[in-house]
Amino acid sequence: MPSPGAQRPAHFLPTHSDSDAARAARVAENESIFRGANEKLEKRFREFEAEGLTPFLCECGDAACTQVIRLSLDEYDAVRAHGAHFAIIPGHQILEAERVVERNDRYDVVQKVDAGRRVAEARDPR
């Protein structure tokens with residue numbers, strides 16, 4: 001198992017018989033599930049007046065990913081300001097479904113594109 005924060009190369013979606021749009025939508029659904037869990041974490045962190053870097057789940061499209069990223073609550077809010085943005089471990093982007101719009105040493109922010117963007121924005125709890 002990779003260490004927390006370990007990078008892996010960006011990957012492509014596996015080839016299936018369904019369309020690229022359907023695959024991108026499926027990835028966005030996975031990412032939206034992680035985002036929903038992070039929304040609950042953020043609420044708890046605010047209730048406890050957490051300071052500094054707090055743990056959040058990587059919001060990549062890999063349903064099996066269990067890696068943790070650390071963001072301040074302000075950083076988390078900045079990601080959440082855009083319904084199509086997700087915070088991920090660097091290198092976890094899925095090239096056909098999203099593009100990196102911000103990089104730093106702890107996490108990347110990706111923006112969903114096309115069909116995935118529509119799904120992400122529709123599932124945005126904010």
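What covers the buried residues of helix 2? In this predicted model, the cover includes helix 1, strand 1 (54–57), strand 2 (68–71), strand 3 (85–88) and strand 5. The buried residues in question are L73, E75, Y76, V79 and R80. They span an arc of only 160 degrees around the axis, so they sit on the same side of helix 2.

One of those buried residues, V79, also turns up in the largest nonpolar core, which has 18 residues. V79 belongs to the group that touches the most other members of this core, together with F56, C58, I69, L71, A87 and Y107. Several elements chip in here: strand 2, helix 2, strand 3 and strand 5 each supply at least two residues of the core. Y107 is worth a look of its own. Leaving out residues up to four places away in sequence, Y107 touches I69, R70, L71, E75, V79, A87, I88, P90 and E102. Among these contacts, I69, L71, V79 and A87 are also in the group that touches the most other core members.

Now for the charged residues. Side chains of opposite charge can pair when their charged atoms come close. The count for this model comes to 8 salt bridges. One of them joins E75 to R106, with 2.6 Å between the closest N and O atoms. E75 lies in helix 2 (residues 73–80), while R106 lies in the loop between strand 4 (98–103) and strand 5 (108–112), so this pair ties together parts that are 31 residues apart in sequence. E75 is among the buried residues of helix 2, whereas R106 is partly exposed, at a relative accessible area of 26%.

Another salt bridge links K112 with E98, and here the closest N and O atoms are 3.0 Å apart. Since K112 lies in strand 5 and E98 in strand 4, the pair ties together parts that are 14 residues apart in sequence. Both K112 and E98 are buried. The two don't stand alone, either: E31 joins E98 and K112 in a network of salt bridges.

A further pair is found within helix 1. R46 forms a salt bridge with E42, the closest N and O atoms being 2.8 Å apart. The two residues are 4 residues apart in helix 1 (residues 20–47), which means that about one helical turn separates them. Their surroundings are not alike: R46 is partly exposed, with a relative accessible area of 38%, but E42 counts as buried at 7% relative accessibility.

Technical notes. Residues are numbered from 1 along each chain as its sequence is written. This is a predicted model: local features need pLDDT of at least 70, side-chain atom pairs count only at pLDDT 80 or more; totals for chains, interfaces and linings use all residues. Side-chain values use heavy atoms; hydrogens and water are left out. A salt bridge is a side-chain nitrogen of Lys or Arg within 4 Å of a carboxyl oxygen of Asp or Glu. Buried means under 20% relative accessible area, exposed over 50%, partly exposed in between (1.4 Å probe, protein chains only). The arc is that of the directions from the helix axis to the C-beta atoms. Contact means heavy atoms within 4.5 Å. A nonpolar core is a set of buried Ala, Val, Leu, Ile, Met, Phe, Trp, Tyr and Cys residues joined through side-chain atoms within 4.5 Å.
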